[in-house]
Amino acid sequence: MIRPIILSLSHCTDLDLVGGKAVGLARLIAGGFPVPQGFCVTTEAYTQYIHASGFIVHEEWQRVGALSGNKRASVLAGCRERIGRIEISQLAAQCVTALQTLDQPPNTRWAVRSSATNEDAAHTSFAGLYRTHLGVALSDIEAALKDLWLSLWDERVVSYQARQSNHMAPRMAVVVQPMVEAQSAGVAYSIHPVTGRSNQVTINAVPGLAAPLVDGTVAPDQYVVEVTDNGQPTRVRRRILVRKSDRLTVSKEGLRTDPLNGMATLQSSLTVAQLFSLAETAKHIERSFGQPMDLEWAFDTRQLWIVQARPITAVRPSSDLTNDDCEWSRTNFKETLPELPSLLSLSFLERFMDAYILSHYRRLGCRIPDGLTSVRVLNGRPYLNVTLFHILIAQLRGDPSMNTEQMGGKPLQTVPQVQPLSGFAFVRASWRVWAEMRRVERSGPRLFEEMKALAATYRREHILHLSVEELVPELDKLGPWLEGREVTFGIAGGVGQCLQIFSHCLPRWLGPDWRSLLNAALQGQGTVISAQQILRLAELTDIARNETVANAFLTSEPWNPLTFRTALADSTFLRTFDKYLEDYGHRAVGESDVMAPRLADNPEPILAILRSQLISTAPSQETIRSRQDETRAAALDQIKRRIGWRLDRWALFLWCYRRLGRFFALREANRHHLMYYSIAIRTLLLRLGELLVERGQLNQRDDIFFLTISDRANLLAGSTRDWKSEIRARRTAQEHNAKFEVPDTIHDWEAAREQTVTADKSEENGILTGMPISVGTVAGLVRTIRSAADWGKVRPGEIMVVSVIDPGLAPLFGLAGGLIAEMGGTLSHGAIIAREYGLPTIANVAGAMTRLTDGMQLSLDAGSGTIRIEPFP
């Protein structure tokens, strides 16, 4: 049978005859995909013309393979010289005749591409090793054809083939197609080229032709498009655009480079519609070929064209989630940690989440995907893996959408598929959660007292006599000590259980404002320990109002708070104030970081609040209680009237309402008493820091907070690292991180890592919106709170604007008229305190700290979650 020299692309099915690239194009054509028409000069042409010249391919290939270095290079050069002298004008004439049958204009320019027998195979791609000629005129077809034959005899090809343990001589076929007049072109992977994620199509694109991209001479725009299991695009997950200076195009005269100017240099190479079309096509081709594919493509003014398809050989497809696939939020971390937590606290946070949160889910039978972590750090800020917690809640058949409402942040953009626990496993998990909730209710108060006693045991005066060798074992005891006493998971289960019931029932029973009614009904129950301190401050204000010495000191001008102990000696106010510090002095702003100074370390901001309350005649303790009681009673009455005669509904509401109140109180009591545990660790660490300074191992005592838990162990074990220099570098890095603004929510970790974030300026008509936390309406001036230094600036009735509702801000709640937070959820610790106190509060107001400035006049409706910026008078 005579083997053809020239074949139409649609008939190129024999790999040995037409090579891998032509076979791939034929399969695309057979699958109905858009491929420019063309033909293939087969390997038979290569073999006939080479052998007719007396060049024995397999003998020369074996000779080359046996050589190396300069000898191999010399022999290869000789082979190319001999092939270059072969006369192929007759073959070129046949090619021109075939091209003319394609019904293209006479001035058409052509693409001449290699299609070797070892190219674009399932296990070896040979990508980029052979040459391509673009914009070729009919008269230059012969030279291009011969040059591709020569490219077989290149050192790179021989070496690559040898690494594949293949010693057979490859043969070259050549694909010839009309040039696509590309507006944009590039490469697409039907899976992620690094992680192998099969639900992500990765696209690189440039304006004009793709040759500079393929050659690596320009940087492309980069995109990642997420697709469903059936290949439907859902969103552009990642878009990284580069500045472009020019584009390569084809004209009747051949290739030319056109400069780009103005906005065109920054314009995306592809529209969203084009990205979706290309991603969908890539997944269709993947299904047609039965494996992940690497495509070269081009868009002209009319449509998408596929000009090459080769199997992806170096990446295994995977459906497993990775951390980069997950979405992340600062949520509770931003609420209870400073903007830039210490390195020590970050290392403790990761251990805490695994030991006291994830471990519970594992015991319940939940599956945690390999490689996923609960915590990740960007520019010094910790983030919570909200995708992971969505998966865990969904496995327990809960409603993961409640996570956003309870913790704050934004809903997931990409919701993972989750297999819930089976019937028996779910029943067992439910029983274990119930048992943990019962344990918390029974044992919580006793465990809290033990934490308070722990802080007393490690008061500074009790440990001053200890040496380093005696302090370290005491520190080491505290890790195991917490095991069995940590009740966060059980409390979260109790709160979540009640809110799941309420979110299911109350919208139907009460209507769309059910959250506002429930929030109002939870006011002033008197059981939330963090909110009780507001009443304690009101009590101190009442004492100061009636005690001459305290009144005179707090209203004096000029005022010097540093003299308070001398000025107030033996006063009722000072004794009551010291009792307040005894009960609340271990609390702080950013208190989950052991490095954060405590209120007792610097009580002046609290005194400034009391001074402001006294001067402004703030409401008395009795007035506050009365207001809270009235709000709560009115809300409960409204709820009862809406529920109506259904006693079963009212009974269920009361059971959940009282249970939720108990668990809210337990939640705040747990945080309050965990801070006793924290203060014990802080006291020991500061003393250890002092002793290491005396030894010359640290420069200052709080250097201890710039060591991770394992660092500290290594230092004390005698590590010879230059710890002083390393800590200086870490302090510098923290200062550097402080210059960056980071997002509260990250949908694409890679993109977030590569860019800084500016505040969203999307408010319309002077109206901002957020999540209602504690109902009420108020109008007032803005007061932004960035640190404790701003506490003394707050005036009665002002609307405080904060990044998060830090529980340490509670002393200010008795002074403020309202509260706005950039981030927060209905279950955050600060939200519980604000609601208990009855302070109108809205959270999740994007960019509030930059969009609202001191002195702005606002109207705040915390029932609807709206904020109106009033015009200046």
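In which loop is the place of Arg197? In this predicted model, Arg197 sits in the loop that runs between β6 (184-189) and β7 (200-207). Despite its loop position, Arg197 is buried, its relative accessible area being 6%. The side chain of Arg197 makes a polar contact of 2.7 Å with the side chain of Asp325. Beyond neighbours within four places in sequence, the contacts of Arg197 comprise Ile191, His192, Ser318, Ser319, Asp320, Leu321 and Asp325.

Cysteine pairing was examined next. The structure contains zero disulfides. Cys326 takes part in none, the nearest cysteine sulfur being that of Cys366 at 15 Å. Seen from Cys366, the closest cysteine sulfur is in Cys326, and a bond is ruled out because 15 Å is too far, the cut-off for a disulfide being 2.5 Å. Both residues lie under the 20% limit for burial: Cys326 has a relative accessibility of 0%, and Cys366 has a relative accessible area of 7%.

An open sheet is formed by five strands in the order β1-β2-β5-β3-β4, with antiparallel pairing. The edge positions are taken by β1 and β4 (132-136); each has a single partner strand, so that one side of each lacks a neighbour in the sheet. From one strand to the next, the twist averages 25 degrees. Within this sheet, β3 (residues 110-116) and β5 (residues 172-178) run antiparallel and are joined by seven bridges. One of the bridge pairs links Ala116 to Met172 in β5. Helix α6 (residues 141-151) lies across β2 (39-41), β3, β4 and β5, and its direction is at about 145 degrees to that of β5.

The edge strand β1 spans residues 6-8 and includes Leu7. With a relative accessible area of 18%, Leu7 is buried, since the limit for this class is 20%. Leu7 and Val18 are 11 residues apart along the chain, and their C-alpha atoms are separated by 8.4 Å. Val18 is also among the contacts of Leu7 outside its neighbours within four places in sequence; the others are Cys12, Leu17, Phe39, Cys40 and Thr42. Of these contacts, Phe39 and Cys40 fall within the range of β2 (39-41).

Another open sheet has four strands, ordered β15-β16-β14-β17 and paired in the antiparallel sense. Its edge strands are β15 (375-378) and β17 (745-746), each of which pairs on one side only. Two bridges connect β14 (residues 328-329) with β16 (residues 381-385), and this pair is antiparallel. Ser329 has Leu384 of β16 as its bridge partner. Helix α12 (residues 386-395) packs on the sheet, where it touches β14 and β16, and the direction of α12 makes about 25 degrees with that of β16.

Several backbone values stand out, because most residues other than glycine have a negative phi and most peptide bonds are trans. Asn379, in the loop between β15 and β16, has a positive phi, near 50 degrees. This residue is partly exposed, with a relative accessible area of 26%. Arg397 likewise is not a glycine and has a positive phi, of about 65 degrees. The loop that holds Arg397 runs between α12 and α13 (402-407), and Arg397 counts as partly exposed at 46% relative accessibility. The peptide bond between Glu557 and Pro558 is cis, with omega at about -10 degrees. Pro558 is placed in the loop between α20 (548-555) and α21 (564-567).

Helix α25 (residues 647-695) has 49 residues, for which a span of 72 Å is expected at 1.5 Å a residue; the end C-alpha atoms are 71 Å apart, in agreement with this value. Of the 49 residues of α25, 38 are buried, and the helix is therefore largely enclosed by the rest of the structure. Gly696, just after α25, takes a positive phi of about 85 degrees.

Notes: Residues are numbered from 1 along each chain as its sequence is written. This is a predicted model: local features need pLDDT of at least 70, side-chain atom pairs count only at pLDDT 80 or more; totals for chains, interfaces and linings use all residues. Side-chain values use heavy atoms; hydrogens and water are left out. Buried means under 20% relative accessible area, exposed over 50%, partly exposed in between (1.4 Å probe, protein chains only). Two strands pair if DSSP finds at least two bridges between them. Contact means heavy atoms within 4.5 Å. Axes are lines fitted to C-alpha atoms, for helices over the stretch in contact, and angles run from 0 to 180 degrees between N-to-C directions. The expected span of a helix is 1.5 Å times one less than its number of residues. A polar contact is a pair of N or O atoms within 3.5 Å; within protein, one must be able to donate a hydrogen and the other to accept it, and residues adjacent in sequence count only if both atoms are side-chain atoms.
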